[in-house]
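Please look through the structure below with the text beside it. The paragraphs take a few residues and one sheet in turn.

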Amino acid sequence: MGSRVAVNAFCIATVNKNLSFSLEKSDASFGFANSQQSQCTECLVVGFPTEPPTYTVFQIIEEGNVPLLMSIKQMMNLFFKLDCHPTGVRLTSPSTMGEKTFELPFTSTGHVVVDL
């Protein structure tokens, strides 16, 4: 999921990356730690030019400026492999990024960041 602002920024930043995009209807809802609820009416489907084809889906939140957050299911769709060790986290995704391995940075709150 992510805010409309984050989804638009992602689409602009990846326009020349051979990804396909489509907006589809959604009826997902999310609850947040502050008890706020958000209903999604659209989602962005991102297709990767791989064989076999892979994709991921981002539910679009209209409120605020939420970064794109990926669920375990999304990571599974993209064949992510996370190597967690005491000094950091490494990511490989043979189907979408080849055999490259990336050391992932952390946010100030300790979350791992994947720069798609």
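Ser38 is buried, because its relative accessible area of 1% falls under the 20% limit for that class. In this predicted model, Ser38 belongs to strand E4, which covers residues 37–39. The side chain of Ser38 makes a polar contact with the side chain of Glu63 at 2.6 Å. Glu63 also appears in the list of residues in contact with Ser38 once neighbours within four places in sequence are set aside. The others in that list are Ala28, Ser29, Phe30, Phe32 and Ile61.

The loop between strand E3 (29–31) and E4 holds Ser35. Is Ser35 buried or exposed? Ser35 is exposed, because its relative accessibility of 62% is over the 50% limit. The backbone of Ser35 has a positive phi of about 75 degrees, although Ser35 is not a glycine.

A positive phi in a residue other than glycine is also found at Phe79, where the value is near 55 degrees. Phe79 sits in the loop that runs between helix H2 (72–77) and strand E7 (81–85). With a relative accessible area of 46%, Phe79 counts as partly exposed, because this value lies between the 20% and 50% limits.

Next comes the sheet. Strands of a sheet pair through backbone hydrogen bonds, in either a parallel or an antiparallel sense. Here four strands make up an open sheet with mixed pairing, and their order is E1-E6-E5-E2. Strand E1 (2–3) and strand E2 (20–25) are the edge strands, each pairing on one side only. How many bridges join E1 and E6? There are two, and the pairing of E1 with strand E6 (residues 54–61) is parallel. Gly2 has Ile60 of E6 as its bridge partner.

The last residue to look at is Val113, which lies in the segment after strand E9 (98–104). Val113 is partly exposed at 32% relative accessibility. Which residues are in contact with Val113, leaving aside its neighbours within four places in sequence? They are Leu104, Pro105, Phe106 and Thr107. A separate distance relates Val113 to Leu69: these two residues are 44 residues apart along the chain, and their C-alpha atoms are separated by 9.2 Å.

Notes. Residues are numbered from 1 along each chain as its sequence is written. This is a predicted model: local features need pLDDT of at least 70, side-chain atom pairs count only at pLDDT 80 or more; totals for chains, interfaces and linings use all residues. Side-chain values use heavy atoms; hydrogens and water are left out. Two strands pair if DSSP finds at least two bridges between them. Buried means under 20% relative accessible area, exposed over 50%, partly exposed in between (1.4 Å probe, protein chains only). A polar contact is a pair of N or O atoms within 3.5 Å; within protein, one must be able to donate a hydrogen and the other to accept it, and residues adjacent in sequence count only if both atoms are side-chain atoms. Contact means heavy atoms within 4.5 Å.
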